[in-house]
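The following note sets out several points for a colleague reading this model. Please consider them alongside the sequence and the coordinates.

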Amino acid sequence: MTILILGGTGEARSLAAALDDTDIAFESSLAGRVRNPRLPVGPVRIGGFGGADGLARYLTERGIRAVVDATHPFAAGISANAAAACAAANVLLVRLQRPGWQDEHGRWTWVDDHDSAARAAATGRRIFLSTGRQTLDRFVGPLAAHDVLVRVVDPSAIELPRNWSVLLGRGPYTVSGERKLLLDNRIDTLVTKDSGGSLTRGKLDAADELGVRVIVVRRPPAPRGVATVASVAAAREWVLRVAEVRPADLRNADRRPSSSPRAVPATTAPSAVPRA
């Protein structure tokens, strides 16, 4: 059997490393949106599949038994395509998603999308924008006259206002480093999205210490019916359980809605479906 890891995150790389010491064949797929990405161990393909239909064909042609969607929490399009493709190809699917950040002090402003974040940030004077390169166009209009510091991994593909500053960087970031960044640039408003994890949490802790206003974009909802695990260890356990399921049992899997889009019959492999 072969497992496909839809990656691009630290969790995806860690899962590949965790499976590298097993006899399970796996390959990782990256969307190719970041220059010089950090590559996981094992076989890697880079580029899109051509939507859900293209991914379904790939799963069938490659004989993929199961998919671990370990893409970014905001990669909603890829996750939706994975759910549709796995359903069409009768392939098992689990979502590996790190827990979101918690506002321990109850000070953050939560919004549902980047447009709302831009409107909320417009009341600030000096803004630190840390929502990623692909969302910059949502902020240019509302914040064109503001002093904005943008931090991205790769240069922006669109023209930014002259009074905006661009900082190229890739985590992890420390609290002390983020504190200095906020102070040096006299930031009064931080705009980010609920990516979760520890690599970029430092900016939030530094902002809380300094009394900087924090605006956080909520995560998009996960595809309906897709089971989710929150750790690499749980995803590895799921893969090991799936490896014990016979292909014939997958063809006869219960197609009714459940916590997983492809539930394995309890009489065959009672633990193959991940716990939510």
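1. Trp164 has a relative accessible area of 7%, and because the cut-off for a buried residue is under 20%, Trp164 counts as buried. The model is a predicted one, and this assignment should be read accordingly. Trp164 belongs to strand 9, which spans residues 164-168.

2. The surroundings of Trp164 deserve a separate remark. Beyond its neighbours within four places in sequence, Trp164 is in contact with Leu129, Phe139, Val140, Leu143, Ala144, His146, Val148 and Val150. One of these, Val140, is 24 residues from Trp164 in sequence, while the C-alpha to C-alpha separation of the pair is 9.5 Å.

3. Strand 9 is part of an open sheet of 6 strands, ordered 6-11-10-7-8-9 and paired in parallel fashion. Strand 6 (109-111) and strand 9 are the edge strands; each has a single partner strand, and therefore one side of each has no neighbour in the sheet. On average, and with direction ignored, neighbouring strands of the sheet are turned by 20° against each other.

4. At the edge formed by strand 6, the pairing can be described in detail. Strand 6 runs parallel to strand 11 (residues 213-217), and 3 bridges join the two. Trp110 has Val216 of strand 11 as its bridge partner.

5. Helix 4 (residues 114-121) packs on this sheet and touches strand 6, strand 7 (126-130), strand 10 (189-193) and strand 11. The direction of helix 4 makes about 165° with that of strand 11. A further helix, helix 6 (residues 175-184), lies across strand 7, strand 8 (147-152) and strand 9. Helix 6 runs at about 155° to strand 8.

6. A last point concerns a pair of helices. Two packed helices are described by the angle between their axes and the distance between the axes. For helix 1 (residues 10-19) and helix 8 (residues 232-242), the packing angle is about 50° and the axes are 9 Å apart. Because of that angle, helix 1 is oblique to helix 8. The crossing of helix 1 past helix 8 is right-handed. Helix 1 contributes Glu11, Ser14, Leu15, Ala18 and Leu19 to the contact, and helix 8 contributes Val232, Ala235, Arg236 and Val239. By class, the residues of this contact comprise 6 nonpolar, 1 polar and 2 charged.

Conventions. Residues are numbered from 1 along each chain as its sequence is written. This is a predicted model: local features need pLDDT of at least 70, side-chain atom pairs count only at pLDDT 80 or more; totals for chains, interfaces and linings use all residues. Side-chain values use heavy atoms; hydrogens and water are left out. Helices (H or I, at least four residues) and strands (E, at least two) are DSSP runs, numbered from the N terminus. Buried means under 20% relative accessible area, exposed over 50%, partly exposed in between (1.4 Å probe, protein chains only). Contact means heavy atoms within 4.5 Å. Axes are lines fitted to C-alpha atoms, for helices over the stretch in contact, and angles run from 0 to 180 degrees between N-to-C directions. Angles under 35 degrees count as roughly parallel, over 145 as roughly antiparallel, 65 to 115 as roughly perpendicular and the rest as oblique. A crossing is left-handed if the near helix is turned anticlockwise from the far one by less than a right angle, and right-handed if clockwise. Ala, Val, Leu, Ile, Met, Phe, Trp, Tyr, Cys and Pro count as nonpolar, Asp, Glu, Lys and Arg as charged, and the others, Gly among them, as polar. Two strands pair if DSSP finds at least two bridges between them.
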